Amino acid sequence: MGIRAFLLLLVLVLASCGGGGNDSLLAGGKSVYADTCSVCHGTAGEGGVGPSLDDVTATFPSCDDQIEWIALGSDGWKTERGDTYGASAKPVNGGMPAQIDILDPMEIAAVAAFERATYSGVPEAEAIAQCRLDVAEDEVLAE
Ligand code: HEC
């Protein structure tokens, strides 16, 4: 799936869903993080092969950009967006694997919200709203 089809699907999934509970939304993101991200970013977001996630909201003030980064990974981002990423124009050094064919759009939005809330100090409800999970249904994550 190309990034445009993916982002369109994300918008459609989010738009087609009703309200959901904050706890289950972030719990979905937490389990995605543990299964798919912690090996490189650390079990507490402290970093490892990948950078610490303490400043992820400084890197990506917009959750949409964070979602796109996660979907594309380093190589895809370079192709679609260029040699730097984030508000501070960090160099894309490589090594972040694209998640577009691994996770579904809801899982990516949920893990982005989880990272912002848990490692970057954004209040949970705000992180959920920033990543537009507040219009999504928790059943989608439970699938
Ligand atoms: C194989 C190791 C690896 C895995 C697995 C991985 N990442 Fe990464 N991640 C990286 C590396 C390396 C970078 C820096 C990439 C670069 O410079 O091109 C990065 C960068 C990031 C950033 C930017 C952080 C910042 O402030 O600069 C975010 C956000 C991120 N990853 C989220 C995730 C999420 C969410 C997952 C799981 C779905 C994940 N990563 C899985 C290695 C990984």
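Analyst: In this predicted model, a residue counts as exposed if 12 or fewer other C-beta atoms lie within 10 Å of its own, as buried if there are 20 or more, and as partly exposed in between.

User: Is A89 buried or exposed by that count?

Analyst: A89 has 10 other C-beta atoms within 10 Å, so A89 is exposed. A89 belongs to the loop between β1 (84-85) and β2 (90-91). Over the whole protein chain, 37% of the 143 residues count as buried.

User: What is the value of phi at A89?

Analyst: The general idea is that most residues other than glycine have a negative phi. At A89, phi is near 50°, which is a positive value in a residue other than glycine.

User: Where is R132 placed, and what is its phi?

Analyst: R132 sits in the loop between α6 (124-130) and α7 (138-142), and its phi, near 60°, is again positive in a residue other than glycine. R132 counts as partly exposed because it has 19 C-beta neighbours inside 10 Å.

User: Before going further, what average pLDDT does the protein chain have?

Analyst: The average pLDDT of the protein chain is 88, and 81% of the residues score at least 70. Where pLDDT is low, the predicted coordinates should not be read in detail. Residues 15-19 are one stretch in which pLDDT stays under 50, and the model has six contacts beyond four places in sequence for them. Residues 139-143 also stay under 50, with eight contacts beyond four places in sequence.

User: How many helices and strands are there in the protein chain, and in what pattern?

Analyst: The protein chain has seven helices and two strands, and along the sequence they follow the pattern α-α-α-α-β-β-α-α-α. As for how contacts are spread along the sequence, among those in the protein chain with a separation of 6 or more, 70% are between residues 24 or more positions apart.

User: How should I read the packing of α2 against α5, and at what angle do their axes cross?

Analyst: For a pair of helices, the reading starts from the crossing angle, and angles of 65 to 115 degrees count as roughly perpendicular. The axes of α2 and α5 come within 7 Å and cross at roughly 95°, and the two helices are therefore roughly perpendicular to each other. By class, the residues of this contact divide into ten nonpolar, two polar and three charged.

User: Which residues meet in that contact?

Analyst: On the α2 side they are L25, L26, G28, G29, K30, V32, Y33 and C37, and they meet E107, A110, V111, A113, F114, E115 and A117 in α5.

User: Where is S31, and how far is its C-alpha atom from that of A110?

Analyst: S31 is in helix α2, and its C-alpha atom is separated by 9.7 Å from that of A110, although the two are 79 residues apart along the chain. S31 has 15 C-beta neighbours inside 10 Å and so counts as partly exposed.

User: Which other pairs can be read by C-alpha separation, such as S62 and C131?

Analyst: S62 and C131 are 69 residues apart in sequence and 8.3 Å apart in space, C-alpha to C-alpha. S62 is placed in the loop between α3 and α4, and it counts as partly exposed because 13 C-beta neighbours lie inside 10 Å. Another pair is P97 and D75, with their positions 22 residues apart in sequence and 7.8 Å between their C-alpha atoms. P97 lies in the loop between β2 and α5 and, with 16 other C-beta atoms within 10 Å, is partly exposed. A further pair is E126 and A113, 13 residues apart along the chain, with their C-alpha atoms separated by 8.9 Å; E126 is in helix α6.

User: Finally, which residues come nearest to the ligand?

Analyst: There are 26 residues around the ligand, of which C37, C40, G50, T59 and G95 come nearest. The elements that give two or more residues to this shell are α2 (22-41), α3 (56-59), α4 (63-80) and α5 (105-119). The largest share, five residues, comes from α2. By class, the shell has twelve nonpolar, eleven polar and three charged residues.

Terms used:
Residues numbered from 1 in each chain as written. Predicted model: local features only at pLDDT ≥ 70, side-chain atom pairs only at ≥ 80, totals over all residues. pLDDT = per-residue confidence, 0-100. Contact = placed C-beta atoms within 7 Å. Near = placed C-beta within 6 Å. Helix = DSSP H or I, 4+ residues; strand = E, 2+ residues; numbered from the N terminus. Nonpolar A, V, L, I, M, F, W, Y, C, P; charged D, E, K, R; others polar. Axes fitted to C-alpha atoms, helices over the stretch in contact; angles between N-to-C directions. Parallel < 35°, antiparallel > 145°, perpendicular 65-115°, else oblique.
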